[in-house]
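Ready for a few short exercises on how helices pack and how aromatic rings pair up? Try each task yourself, then read the solution under it.

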Amino acid sequence: MAAAQGAGSSSAGPSGLPSSALGHSSNSTAVAVWEWQDEFGRWRPYRGNVCSYIEQVFQASQQKGRRSGSGLVSSIPLGHADPVLAPYVIDIPSLTQFRQDTGTMRAVRRHLFPGDSAAGQGIVWEWQNDEGGWSPYEMNVCVFLEQSRATNHQRVDLGPLGYNYEVDFVAQVQTNKTTRFRRSVQRRLDAPYPVSTSPAPLHPGVACSCQQCWLNSGTGPITTRYRHSMTNFPNSSTTHQVSGRTASVSSSSVSFVPYNKPTLSGARSTPRLNVQSTWALPQPGGPSTGLSASNGVSAPNLPVRMPKASKVTQALAATPTEPEAVVKKYLEELKGSPADEDCIICMEKLSSPSGYGDACECSTIKPETVGRLTNCQHSFHMLCMLAMYSNGNKDGSLQCPSCKTIYGEKTGTQPKGKMEVSTFPQSLPGHKDCGTIQIVYHISRGIQGPEHPNPGMPYTARGFPRYCYLPDNEKGRKVLELLRVAWKRRLIFTVGTSSTTGESNTVVWNEIHHKTEMDTNLSGHGYPDPNYLDNVLAELAAQGVTEDCLRQ
């Protein structure tokens, strides 16, 4: 395995790596970078302004915990930092990103880097993906590439960092060392990542699982889950610029919310978050790096109201229903005193009124009413479930925010289109004993409906028709039939923002992954992949599409 080439080798560590790319730096100033893990196991950094918000909430929680002995804040809603991320919440105790409308969970991590590294300077290195957009390297790779460039290396080997690639700074290309396939790379200036205010010095040597490493570098578990803890910030008021929009923010409490929780006039808590940070700068242009293409759903920030079912809502639902009727259909009202636990939607005690009492207009459900879902038996304020349902697709189905059990038939917001299926005898790598199923999806550009992020605005449909492949064996045909069900329920695509191109108001994949290449898996979108069929069956089941659907 070749070492990094060029001048400046005296500053390199083992295998030619710059010393700061391995373990902790002696630099006393550190910046915190939060990353999420995509379906291919790659770590993708959130943008600087989002990390600034996550880090501020996390640090404020730590400071309160040291003063009062309470635990870490339970969850951080990302929609307060970027409206595009409204469906996403980070659960700090389990280090998990949770998408509330689909139930998809992904690992997250927090690492510290020297203040004079690429992260501290807001420098991001990216590679060009198959759609022509730019995807970021994980931050430790960005730091390594930037230091290699600064020390006049002309070419570096990413093997010691776990990647089978070489990067040529002169030609600005990444080369696969096995196949010699080349992709363009670029160096982009973004907002610097937030300075960490952790009081302890950086742990010397390689990060371990001790408490100090967790607090300062993000590695190591938290053994106790403080799901119901809350954080109150010092009173302040500021105007913060996020993604070209201005939001007024002040003192806050953090809770688990279905989307951006509307301000509760006169309520016990006012969930307006202080996201002020010297590093939280506007993000001019450039693609968003916090989401994969299948995660590109943008949710509008609307007050929670209970409108009558529209014609679109009626078309989506098997039976036209009022929101109150849907909630009452799947939750049975509890009589007597509820259990001494929190409602994980509003984070108020079940024995107290719902935190949505002043924001949710409903004449038939009282704020103090508690209901239990009929199958999974989890309990919530019924008004909180009403607010969650009304912020979603309003398709007549409910999904338990605790265990993700789906009640009713879940439908999506996929635009109109056509799904075509054919077969041919050529085999896919890893499936030599059978032919191939080809699926072709056709969707054209159009105008967004009431169920989409920006009703009345046009949406684009890039890259159509899209060709996808399955092995023509028993399990592949089973997946095909379930994909037909998902297509009819409008679950395959949605309208949102593409992280690969940065384009908003466009058709993107929606949490059910497809193989779009036949004979290569360099990008993770092809074969061989021995786990793909099982993984996509699990993704379909998470959307409520199971074998039971085929028997109906």
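**Exercise 1.** Find how helix H6 and helix H7 pack against each other, and name the class of their angle.

*Solution.* Keep in mind that you're looking at a predicted model. Two packed helices are described by the angle between their axes and the distance between the axes. Start with H6, residues 323–330, and H7, residues 382–390: their axes lie 9 Å apart, at an angle of about 125°. Next, sort that angle: 65 to 115 degrees would be roughly perpendicular and over 145 roughly antiparallel, so H6 and H7 come out as oblique to each other. Their crossing is right-handed.

Now look at who touches whom. H6 brings Pro323, Glu324, Val326, Val327 and Lys328, while H7 brings Met382, Met385, Leu386, Tyr389 and Ser390. Sorted by class, this contact of H6 with H7 has seven nonpolar, one polar and two charged residues.

**Exercise 2.** Do the same for helix H8 and helix H9: work out the class of their angle, then list the contact.

*Solution.* H8 covers residues 474–488 and H9 covers residues 532–542; their axes come within 10 Å and cross at roughly 25°. Angles under 35 degrees count as roughly parallel, so that's the label for H8 and H9. The crossing here is left-handed.

On the H8 side, the contact uses Lys475, Gly476, Lys478, Val479, Leu482, Leu483 and Ala486; on the H9 side, Leu533, Asp534, Val536, Leu537 and Leu540. The tally by class is eight nonpolar, one polar and three charged residues.

**Exercise 3.** Describe the ring pair of Tyr330 and Tyr407, then decide whether each residue is buried or exposed.

*Solution.* The model has nine aromatic pairs. In the pair of Tyr330 and Tyr407, the ring centres are 5.7 Å apart and the planes make 50°. Under 30 degrees would be stacked and over 60 edge-to-face, so this pair is tilted.

Where do Tyr330 and Tyr407 sit in the chain? Tyr330 belongs to helix H6 and Tyr407 to strand S20 (residues 406–407), and with their positions 77 residues apart, the pair links distant parts of the chain.

For burial, the cut-off is under 20% relative accessible area. Tyr330 has 10%, so it's buried. Tyr407 has 3%, so Tyr407 is buried too.

**Exercise 4.** Which residues form one aromatic cluster?

*Solution.* Look for Tyr441, Phe464, Trp487, Phe493 and Trp509: together they make up one aromatic cluster. Trp487 falls inside H8, which spans residues 474–488.

Terms used: Residues are numbered from 1 along each chain as its sequence is written. This is a predicted model: local features need pLDDT of at least 70, side-chain atom pairs count only at pLDDT 80 or more; totals for chains, interfaces and linings use all residues. Side-chain values use heavy atoms; hydrogens and water are left out. Axes are lines fitted to C-alpha atoms, for helices over the stretch in contact, and angles run from 0 to 180 degrees between N-to-C directions. Helices (H or I, at least four residues) and strands (E, at least two) are DSSP runs, numbered from the N terminus. A crossing is left-handed if the near helix is turned anticlockwise from the far one by less than a right angle, and right-handed if clockwise. Contact means heavy atoms within 4.5 Å. Ala, Val, Leu, Ile, Met, Phe, Trp, Tyr, Cys and Pro count as nonpolar, Asp, Glu, Lys and Arg as charged, and the others, Gly among them, as polar. Rings of Phe, Tyr and Trp (its six-membered ring) pair if their centres lie within 6.5 Å; planes under 30 degrees apart count as stacked, over 60 as edge-to-face and the rest as tilted. Buried means under 20% relative accessible area, exposed over 50%, partly exposed in between (1.4 Å probe, protein chains only).
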